[in-house]
Amino acid sequence: MSDLKKIKNALISVYYKDNLEVVVRQLNLLGVKIYSTGGTQEFIEKLGVAVIPVESLTSYPSILGGRVKTLHPKVFGGILSRRELQIDIDQMEEYEIPEIDLVIVDLYPFEETVKSGASEQSIIEKIDIGGISLIRAAAKNFNDVVIIPSKNEYKFLHDTILVDQKGSSTAEDRKKLAGKAFNVSSHYDTAIFNYFNGNDSVAFKHSIQNASVLRYGENPHQKGVFYGNLEEMFTKISGKELSYNNLLDVDAAVSLIAEFSPALGGKTGEGFTFAILKHNNACGIATRPTLVDAWKGALAGDPTSAFGGVLIVNTTVDEATATEINKLFFEVIIAPAYQEKALKILKTKPNRIILIQKKVKLTPKSFRTLLNGVIEQEKDSKTETDADMQTVTKTSPTADEKRDLEFANKIVKHTKSNTIVLAKNNQLLASGVGQTSRVDALEQAVAKAKKFGFDLQGSVMASDAFFPFPDCVEIAHNAGITAVIQPGGSIKDKDSVAYCDANGISMVMTGTRHFKH
């Protein structure tokens, strides 16, 4: 292969030394001259491998507490010199600069230091200067230099370049690694920018290095990719790969169950909660003293839509519950844990995706592409409790109605607007989802509840936004609904309140709208 280039000199400067030993020993076996400094130099020396201190090359010691070690023309000249350009060749000879063919870098762990809650001084000291400069220089000159920009590439370097190719790299190798190098450097700089930027909205910069190509996007003719590390959030027990639409439903499910899951960082919960989601909305959810009863309550909400849905719970899945849910076809189930007997039952369907949810702190912001840019917002993290409910009618809700109002309001917050949620006894009876008018959403919910045999007498209604007219409370009253929760804020709030007063309905207002689009 004519594009093979032999590695003669290597510069190694890394933070993490994991798996570096085999690389160093193979370089030594191939007769490669190794330059290094600081802790990396000490590591190599302890292996009994010859190493040349960078200070010997530059005639300058490491100074300023280690802040300046490799920033020198004799280092960067050796990396950036164009091997086939005569003027570069002449200057390299004039200044006695050796060509460096391989640069191995692993940067200071800036992101890890920030996450650890370290002091600002410690964080600043973990901003790598020399390492990032070495990466950029070597990547720029990929025609002649191999850049290993992180410990993640040690294996490729060792197995492919040093062993299989006997210390020679191809043009394809070098260009591929250069791309990875600029991925590392841009991600690193983005993390630093976001640290300094804080909550200021100066620019939109996000970087995620993990990418998973999906089978397809929302539809088979669309390509799809997930950027992120799902293994941080879930342990996958079995099943096929998550699809684009699965991921959307899983995201919605995790957000919803957090309202009922103290064990997973949620707000409040009484008993065990089981939710079934379809197209990002709950088609069934119930809280009960036992999980199997919660499942039966959730399934009763809409047994038709539950087919092919995503299931999520806030406790360990037991054998009795697994036996019941195994009767239904569903795509995904998510739980904090499973009994062994339950897993044995659930795994009888090989394509069924079984996930264990881990405790992970999620970002407080969300964003999406829009027009020729991106919009970003804080996530809707507000969950109303009894203390946020202001009774505005002559009739006050009973204790049971207040419990159901809080339950319904949690669901309405996670349902597509315009939406109305009907609930009773900690169970979703029906919801009107994604309608262009609130009246349509309510009528859809009432019709659906009746379709599945629910008695709406004594049930409660939650609305994601205010009622512009009293027509919704009138429809609700005629259906048997006795208590209402809504944000309020309409110039005609008094008309809805007046109707409730005239018909013995209680209404509470929270002052918080929960649109979800």
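# Exercises on a predicted model

Lys8, Arg83, Glu99 and Asp101 are linked in a network of salt bridges (a side-chain nitrogen of Lys or Arg within 4 Å of a carboxyl oxygen of Asp or Glu). This is a predicted model, in which local features need pLDDT of at least 70, side-chain atom pairs count only at pLDDT 80 or more, and totals for chains, interfaces and linings use all residues. Residues are numbered from 1 along each chain as its sequence is written, and side-chain values use heavy atoms, with hydrogens and water left out.

## Exercise 1: Salt bridges

Task: Find how many salt bridges the whole structure holds, then examine the pair Lys8 and Asp101.

Solution.

Step 1. A search of the whole structure gives 18 salt bridges.

Step 2. Take Lys8 and Asp101. Their closest N and O atoms are 3.9 Å apart. Lys8 is in the loop between S1 and S2, and Asp101 is in the loop between helix H5 (86-94) and S5, so the pair ties together parts that are 93 residues apart in sequence. Helices (H or I, at least four residues) and strands (E, at least two) are DSSP runs, numbered from the N terminus.

Step 3. Check accessibility. Buried means under 20% relative accessible area, exposed over 50%, and partly exposed in between (1.4 Å probe, protein chains only). Lys8 has 43% and counts as partly exposed. Asp101 has 4% and is buried.

## Exercise 2: Two further pairs

Task: Place the salt-bridge partners of Asp144 and Asp302 in the chain.

Solution.

Step 1. Asp144 forms a salt bridge with Lys5, and the closest N and O atoms are 2.4 Å apart. This pair links distant parts of the chain: Asp144 is in the loop between helix H8 (130-140) and S6, while Lys5 is in strand S1 (residues 5-6), 139 residues apart.

Step 2. Compare the two sides. Asp144 is buried at 10%. Lys5 is partly exposed at 26%.

Step 3. Asp302 pairs with Lys448, with the closest N and O atoms 2.7 Å apart. Asp302 lies in the loop between helix H12 (291-301) and strand S13 (310-313), and Lys448 lies in helix H16 (residues 438-451), so parts 146 residues apart in sequence are tied together.

Step 4. Asp302 is buried at 2%. Lys448 is partly exposed at 24%.

## Exercise 3: The two faces of H9

Task: Which residues of helix H9 (residues 154-164) are buried, and what covers them?

Solution.

Step 1. The buried residues are Tyr154, Leu157, His158, Ile161 and Leu162. They cover an arc of only 125° around the axis, which puts them on the same side of H9. The arc is that of the directions from the helix axis to the C-beta atoms.

Step 2. Recall the general rule. An α-helix has 3.6 residues a turn, so residues three or four places apart point the same way.

Step 3. Turn to the other face. Away from the buried side, H9 carries the exposed residues Lys155 and Asp164.

Step 4. Name the cover. Among the elements over the buried residues are strand S2 (9-14), helix H1 (21-29), strand S5 (102-106) and helix H10 (171-197).

Step 5. Look at both ends. Glu153 sits in the loop between S6 and H9. Glu153 is buried at 11%. Beyond its neighbours within four places in sequence, Glu153 is in contact (heavy atoms within 4.5 Å) with Ile148, Leu177 and Lys180. Lys166 follows H9 and has a positive phi, near 55°.

## Exercise 4: Strand S11 and its partners

Task: Which strands pair with S11, and in which sense?

Solution.

Step 1. Five of the seven residues of S11 (residues 272-278) are buried, so the strand is largely enclosed by the rest of the structure.

Step 2. S11 pairs with strand S12 (residues 281-288) in the antiparallel sense over seven bridges. Two strands pair if DSSP finds at least two bridges between them. Leu277 stands opposite Ala282 in S12.

Step 3. S11 and S12 form a hairpin with two residues between them. In the turn, His279 has a positive phi of about 55°.

Step 4. S11 also pairs with S13, antiparallel, over four bridges. Ile276 has Leu311 in S13 as its bridge partner.

## Exercise 5: Cysteines

Task: How many disulfides does the structure hold?

Solution.

Step 1. The count is zero, a disulfide being a pair of cysteine sulfur atoms within 2.5 Å.

Step 2. Cys500 is in no disulfide, and the nearest cysteine sulfur, that of Cys472, is 11 Å away.

Step 3. Cys500 is buried at 0% relative accessibility. Cys283 is buried too, at 8%.
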